[in-house]
Amino acid sequence: MLHDDTSAATGGVLSSPHHPAKAKRVVQLFMAGAASHLDLWDHKPMLEKYHGQDSDFGEPVEAFQNGLGPWMKSPFKFAAYGQSGKMISDVVAPLGECVDDIAFVHNMVGKTGVHSQATYLQATGFQRPGFPGMGSWISYALGSENQNLPTFVVLPDHRGFASNGPKNWGAAFLPASAQGTAIFPQRDNPIEDLTPKADYVTSAADEAGLEMLQRINQRFTQQRPGDSRLQARIRSYEMAAAMQMSAPEALDLSGEPAHIMKLYGLDRAGATYPKEINPAEETEYFGRKCLIARRLLERGVRFVQIWSGNDNGFPRRNWDSHENIQRDHGPLASGMAVGAAALIKDLKQRGMLEDTIVLWTTEFGRMPSSQGGVGRDHNPYVFTNWLCGGGFKGGTSYGPSDQWGYKPLERDRPTQVYDIHASILHQLGIDHTKLTVRHDGIDRRLTDVHGHVINDIIA
């Protein structure tokens, strides 16, 4: 148990003899804007049967906007995949080859239908700012496997940040070195301020400046022992210097063989795309991040967070499909599925899936009733997460939602984000109740005062 506000990670795995670590790294796929469980993973024949009829929930319903129109079936077709016979929609068909490696959790519940708060909850375990991201907690607990790359890397949507921006992966009261480092692979300058841009800066001058800075920092450290803020700042500069060599190599895909590029949907070099959201463009952008994630993981990065979708705007470039599920979810889901399936297959063929956890999540789901005829409103009352690798039981569908996909079938036994976080920490060899840091007089932890390990989805 860690009680110092500014304690630094020791780099040792916090394992228990009762919970041997089955995983050592995590990649999180975060769908910003709220992806619809009903149109991707949670097949509901009742919506097909009663499509267009007045929605009757049998109880008062609080909608976020005005999404209580008639029942609406998915515009996408569902089919069974794998030995498990898991039903998923045609827009995520590439993941059909992976369903026997995936544990689906269909009875997730949130606490709010507001994007920013719900995003915080999924990303940090709290629905307000000021708390470390899950990647920060894991980085803090387990330390780094590579001194030349950050422990926690974030690959945002190329169009911009999701709700809350960098606060989703901030370190808050943990050491600054635990925060996520944002990289934009699609930009000309993927990492801001990594290398000098001025023509007069030479490599020799750069090295001399760093050497002088190191001497000053050492002198300052001797005068103020025990100040972890300074240590974190020094470490960040050292990391930046190391990244000048290692990061460009990790982001360079030119050495990847053609069959791997094709697997990730990156075999259309130089392609141009229309202004409208389209599957080919989404496939390239998301697939590139997934391939870079694999390269980062195999180079020792502990936690990689991949975002799909930016904050609210029009036309939609996120999963917030109030107006038209088919128009928005179709391209985003197709692109996501190609990249996610490629990542799972690639990790598996390299022997890395067994100790890498892949988490797919979003802030909440969407309503089974329609909004504006072909859109769906927010549904924090039930939605889907899935986990793959790292000792999770593939071919599993846990915790069904009700016949409409409105709430959990067993309303008194929902799954909360705390349970997902507790289960991931468990697979990493960490007791979620013991990974604590005292802040403002409270022993804070990722799971707050909640959370149970979901043993039914652990192999």
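**Exercise 1. Work out which residues surround His378, leaving aside neighbours within four places in sequence.**

Step 1: list the contacts, meaning heavy atoms within 4.5 Å. Leaving aside its neighbours within four places in sequence, His378 is in contact with Phe64, Gly113, His115, Asp320, His322, Phe364, Gly365, Arg366 and Met367.

Before going on, a word on the source: this is a predicted model, where local features need pLDDT of at least 70 and side-chain atom pairs count only at pLDDT 80 or more, while totals for chains, interfaces and linings use all residues. Residues are numbered from 1 along each chain as its sequence is written, and side-chain values use heavy atoms, with hydrogens and water left out.

Step 2: pick out the polar contacts (N or O atoms within 3.5 Å; within protein, one must be able to donate a hydrogen and the other to accept it, and residues adjacent in sequence count only if both atoms are side-chain atoms). The His378 side chain makes one with the side chain of Asp320 at 3.1 Å, and another with the side chain of His322 at 3.0 Å.

Step 3: place the residue. His378 sits in strand β10, residues 378-379; helices (H or I, at least four residues) and strands (E, at least two) are DSSP runs, numbered from the N terminus.

Step 4: decide on burial. Buried means under 20% relative accessible area, exposed over 50%, and partly exposed in between, using a 1.4 Å probe and protein chains only. His378 has a relative accessible area of 2%, so it is buried.

**Exercise 2. Put the strands of the open sheet in order and find its edges.**

Step 1: apply the pairing rule, which asks DSSP for at least two bridges between two strands. The order comes out as β6-β5-β7-β1-β8-β11-β4-β12, eight strands in an open sheet with mixed pairing.

Step 2: look at the ends. β6 (181-182) and β12 each have a single partner strand, so one side of each is left without a neighbour in the sheet.

Step 3: check the β6 end. Strand β5 (residues 152-155) pairs with β6 in the parallel sense over two bridges, and Val153 stands opposite Thr181 in β6.

Step 4: move to β4 (residues 102-108). Its partner β11 (residues 383-388) runs antiparallel to it, over five bridges, with Ile102 opposite Cys388. With β12, β4 runs parallel, joined by three bridges, and Ala103 has Thr396 as its bridge partner there.

Step 5: ask how covered β4 is. Seven of its seven residues are buried.

**Exercise 3. Compare three salt bridges: Asp355 with Arg25, Arg411 with Glu59 and Asp157 with Arg159.**

Step 1: set the rule. A salt bridge is a side-chain nitrogen of Lys or Arg within 4 Å of a carboxyl oxygen of Asp or Glu. By this rule the count comes to 29.

Step 2: take Asp355 and Arg25, whose closest N and O atoms are 2.7 Å apart. The two are 330 residues apart, with Asp355 in the loop between α8 (325-349) and β8 (356-362) and Arg25 in strand β1 (residues 25-31). Both Asp355 and Arg25 are buried.

Step 3: turn to Arg411 and Glu59, at 2.6 Å between the closest N and O atoms. They lie 352 residues apart, Arg411 in the loop between β12 (396-398) and α9 (417-427), Glu59 in the loop between α1 (45-49) and β2 (78-81). Arg411 is at 45% relative accessibility, so it counts as partly exposed; Glu59, at 25%, counts as partly exposed as well.

Step 4: finish with Asp157 and Arg159, 2.8 Å apart at their closest N and O atoms. Asp157 counts as buried because its relative accessibility is 2%, while Arg159 is partly exposed at 25%.

**Exercise 4. Find the residues that touch the most other members of the largest nonpolar core.**

Step 1: define the set. A nonpolar core is made of buried Ala, Val, Leu, Ile, Met, Phe, Trp, Tyr and Cys residues joined through side-chain atoms within 4.5 Å.

Step 2: name the hubs. Of the 59 residues, Leu29, Trp41, Leu95, Met336 and Trp386 touch the most other members. Helix α8 gives the most to this core, with 11 residues.

Step 3: follow Leu95. Not counting residues up to four places away in sequence, Leu95 touches Trp41, Ile88, Ile102, Met336, Ala337, Ala340, Ala341, Ile344 and Trp386.

Step 4: look beyond it. A second, separate core has 46 residues, including Val105, Trp169, Leu387 and Ile457.
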